[in-house]
Amino acid sequence: MSERLFSYGTLRDPKVQRAVFGREVAGTPDALVGFVLKPVTISNRHSAAIAGTDAHTILEPGDGPPIEGLALELTPDELARADAYESAEYKRVAIHLRSGRDAWVYVRA
C-alpha cells in the first residue's frame with residue numbers, strides 16, 4: 001500500500017529526498033487550491049541542515065493562486081520519515097488535490 005504526499009517545498013528536492021527516504025521519489029505534478037504560502041523559520045536543526053536553510057514556506061488556508069507541487073508516492077514507512085523530517089511548525093492533514101486525487105500535505109500546526 002502506498003501513501004500520496006503533496007510536496008510544495010523541500011521534499012521535492014532530490015538531495016532532501018535521498019537524505020529523508022534513502023532514495024529519489026518519483027512525483028506527479030499537481031496543485032492545491034484554497035491555501036496560500038507564507039514564510040516560516042523552522043525549528044528543527046536537523047531538517048534545516050538537510051535542506052540547507054531554516055527559511056521554508058508553510059501552507060495556511062486562504063484564497064490565492066493554486067500551489068503547484070508534486071504528489072509523491074511513498075510507503076507508510078517513508079511517510080513516517082517525512083513526519084520526522086518536518087518540524088513542529090507543521091502538521092499533516094488530508095486534502096483533495098486539483099486533480100481530484102486525495103493526498104496528505106503539511107500545513108501550519
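Which residues line the largest pocket? In this predicted model, local features need pLDDT of at least 70 and side-chain atom pairs count only at pLDDT 80 or more, while totals for chains, interfaces and linings use all residues. Residues are numbered from 1 along each chain as its sequence is written, and side-chain values use heavy atoms, with hydrogens and water left out.

The lining of the largest pocket consists of Phe6, Ser7, Tyr8, Gly9, Thr10, Leu11, His56, Thr57, Tyr85, Glu86, Tyr90 and Tyr106. A pocket is here an open set of points on a 1 Å grid over the protein atoms alone, where a 1.4 Å probe fits, with protein on both sides within 12 Å along at least five of seven lines, and lining residues have an atom within 4 Å of a point. The space in the largest pocket comes to about 170 Å³, a volume being the space filled by probe spheres set on the grid points, which are joined across faces, edges and corners. Strand E1 (3–7) and strand E4 each give at least two residues to this lining; strands (E, at least two residues) and helices (H or I, at least four) are DSSP runs numbered from the N terminus. By class the lining has six nonpolar, five polar and one charged residues, where Ala, Val, Leu, Ile, Met, Phe, Trp, Tyr, Cys and Pro count as nonpolar, Asp, Glu, Lys and Arg as charged, and the others, Gly among them, as polar.

Among the lining residues, Thr57 belongs to strand E4 (residues 55–61). Thr57 counts as partly exposed because its relative accessibility is 32%; with a 1.4 Å probe and protein chains only, buried means under 20% relative accessible area, exposed over 50%, and partly exposed in between. Beyond its neighbours within four places in sequence, Thr57 is in contact (heavy atoms within 4.5 Å) with Tyr8, Leu37, Lys38, Pro39, Val40 and Tyr90. One of these partners, Val40, lies in strand E3 (residues 35–41) and, at 11% relative accessibility, counts as buried. Not counting residues up to four places away in sequence, Val40 touches Asp54, Ala55, His56, Thr57, Ile58, Glu89, Tyr90 and Arg108.

From the strands we turn to helix H1 (residues 14–21), in which Val16, Gln17, Val20 and Phe21 are buried. Seen down the axis of H1, these buried residues fall within an arc of 100 degrees, so they line one face of the helix; the arc is that of the directions from the helix axis to the C-beta atoms. The buried residues of H1 pack against helix H2 (45–51), strand E5 (67–74) and helix H3. Val16, at 1% relative accessibility, counts as buried and, leaving aside neighbours within four places in sequence, is in contact with Thr10, Leu11, Ile50, Ala51 and Tyr85. At the N-terminal end of H1, Asp13 acts as a cap, with a side-chain oxygen 2.8 Å from the backbone nitrogen of Lys15, while just after H1, Gly22 takes a positive phi of about 80 degrees.

In helix H3 (residues 76–85), the residues Glu78, Leu79, Ala82 and Tyr85 are buried. They cover an arc of only 110 degrees around the axis, which puts them on the same side of H3. Glu78 is buried with a relative accessible area of 6%, and, apart from residues up to four places away in sequence, Glu78 touches Phe21, Arg23 and Glu73.

Note on methods: Polar contact = N/O pair within 3.5 Å; in protein donor to acceptor, adjacent residues only side chain to side chain.
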